[in-house]
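Let's work through a few exercises on charged pairs and surface patches. Have your structure viewer ready and try each task before reading its solution.

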Amino acid sequence: METFHPLFGDTNYKESLSGRGLTLSWNNLSIYGKRRDPTCNNFWRPKIQRFKLLHKGIAESGSLLAIMGPSGAGKTTLLACISQRIQGDVDGQILLNGLEVEKNLMVKVSGFVPQHDLTVDTLTVHEHMTLMARLKMDRNLHHVERARTVDALLKELGLLKCKNSVLNVLSGGERKRVALAVQLLTDPSLLFCDEPTTGLDSFSAISVIEMLRTLASYGKTIVCSIHQPASGLFDLFDNISLLVTGGELAYHGPVSKVTDYFNKLDMVCPPSYNIAEYLVNQLAITPNGDKEKRQERVRRVCAAFSKSKAGRDLTNKLDNLIYNSAPASSAQTWSTASSLDTIVTDTHDEFIKFTRLKPPSQWIQFTWLLWRTQLDAIRKPQDTLLRFAFYMFIALLISFPYIGIQIDQYSVQNIQGLLYLVIVETVFTYSYSVYNTFPQEMPILLREINNDLYKPAPYYASKMICLLPRSIIEPLIYSAVVFWVVGLFGGISGFILFSIPVILSATAATAYGCFISAVFDSIATASLASVPIEFVSLSFCGIYLNFYTLPFYTAWIKYLSMFYFGIEAVSIVQWSEIDKIACNLNVTVSDFPCEHLGDIALDRYGYSESHFSVDILGLVFIYCVAHVFGYISFVRRSKRQPVY
């Protein structure tokens, strides 16, 4: 396997990997979880049961281990646990060469290929690999070396022909190879693959497993979870860890000895059956008539393994690893660069590179995430154009009834109604348009942040910056349409002053939408929760309530309303341009008060001409505060357990 590998400065990949050996083991591993008690019928306060899965096992250097079992056996849970990609209650030991390893180091030295690859599908294979290389590899590495590594991996994994294809048009096998290539960028010593053959035809599945077997032959430790492999596929694995429903261990050892071992337990696979399929079916507990019989068989098999030679060999291997690597009197742990250098210098010099790897700065993370976000938006022009067309249609729709508006007593309500619609439609359009921002991308973000690709701050900042041009350019065009179609007042300077609060209302609404999006998991929930907030904001915008009639303990609420700041600002801009409002002679004072000056019309709604700068600062303040709380909510959500 000839590739260029910049971390070793070597063109012979196999020679670079020779001599490397990391043995992964886990012992007395307890994974705690929660599930609802099916016997409890209380919907509001369901009874929660705690359950515990006990595991032990070993994956030796240069071997390909399969974690196999029926559905519900906890294969993915175990894989995520030993790779330390899981959050929650875990007790026991996860060891590398007999020494405990902490999560931050495990994430560096290992790669994890998930069952379902979550990516931004509008990027091409080469663009995606380039981005991942920039986020995963050492920041001091020259960009030429980084590019050569990407090209070498694409060549070795057979992806050159689809190098310029976007990810959403790739076949299942090609996507698996892309996910594998991403994890191989840093040349990890351990590789975890969650059901790498799921959704693939037999040829693609065998190709993927043969590729993993080749990597294992170069000294890597590879662990896969797999559901029910075909006969030819099953034989490609070196060892198997067979779990049963409930997570107990039924067998752990060489694949070549599986048939003989279960024959001794009177579980003889018929000649026409695939041994892997037979074992999974025999050890599955199904809710049918023979459930108790199957449970008894599973208990018998699990008990037999602990007493068998294979079980004793596994226990001895685990004990020897701990005894030979770490004396009982010393509690050594692979956790920091300093301790790691001391522990591995003699036998694994290459391994030290992982502790010395410098991740990209948050500024570099920000620039590349901004690049990805912008590229994704450019590749989806239909969404942008449809939103823009709808927004312009709203501009024409609200402008049409007010064309040729006259300045008289009857028009005071008309002008104020138009200004109200201009701001309200802008706020609703821009807040609702970003409600799906984080719920849609959260699965990708959780996985990437949990794998230390980047921090939450660069991602959130990239979203803020990417949303700004749209919330500036589109409202500017929207303001121009309304201003010139209706024939509002003030000329060019009046238009500029008119567009400023409209633009700021759009940006503030975008920030508010990001906050709501970061708090709630779905658009439906976000829309429902935003209704009372928007109702209160609209009620205190000055159109429905006269501010002079409000008591002191509710008068302050208007300063929390972006509707109030936006409507007052555009009202000040327009009414300050009107020096005289003609009084209709056929209207008596009692029927319709004569407001002959623009500032009197402002006063009628509780607005003040001196508040323009306050309104502008108020919109800026709402923008900043909404993003601050949005970021805090986003950080809290980013700490959740990703779905693997």
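In this predicted model, Arg372 has a relative accessible area of 6% and is therefore buried.

**Exercise 1.** Find the acidic partner of Arg372 and say which parts of the chain the pair connects.

*Solution.* Start at the side chain: Arg372 makes a salt bridge with Glu448, with 3.2 Å between the closest N and O atoms. Next, place both residues: Arg372 belongs to helix α15 and Glu448 to helix α18 (residues 437-450), so the pair ties together parts that are 76 residues apart in sequence. Finally, check the partner: Glu448 is buried too, at 7% relative accessible area, given that buried means under 20%.

**Exercise 2.** Decide whether Arg379 is buried or partly exposed, then do the same for its partner Glu127.

*Solution.* Begin with the contact, a salt bridge in which the closest N and O atoms of Arg379 and Glu127 are 2.9 Å apart. Arg379 sits in the loop between α15 (362-378) and α16 (381-399), and Glu127 in helix α4 (residues 125-136), so this pair links parts 252 residues apart in sequence. Now apply the cut-off: Arg379 has 32% relative accessibility and counts as partly exposed, whereas Glu127, at 18%, counts as buried.

**Exercise 3.** Which helix gives the most to the nonpolar patch?

*Solution.* First list the members: Trp484, Ile492, Ile496, Leu497 and Ile500 make a nonpolar surface patch of about 480 Å². Then assign them: helix α20 (residues 491-519) gives the most, with 4 residues. Ile500 is in helix α20, and its relative accessible area of 34% makes Ile500 partly exposed.

Terms used:
Residues are numbered from 1 along each chain as its sequence is written. This is a predicted model: local features need pLDDT of at least 70, side-chain atom pairs count only at pLDDT 80 or more; totals for chains, interfaces and linings use all residues. Side-chain values use heavy atoms; hydrogens and water are left out. Patches are made of residues with over 30% relative accessible area and no salt bridge: like charges are joined within 9 Å, nonpolar side chains (Val, Leu, Ile, Met, Phe, Trp, Tyr) within 5 Å. Accessible areas come from the Shrake-Rupley method with a 1.4 Å probe; for residues, only the protein chains shown count as cover. A salt bridge is a side-chain nitrogen of Lys or Arg within 4 Å of a carboxyl oxygen of Asp or Glu. Helices (H or I, at least four residues) and strands (E, at least two) are DSSP runs, numbered from the N terminus. Buried means under 20% relative accessible area, exposed over 50%, partly exposed in between (1.4 Å probe, protein chains only).
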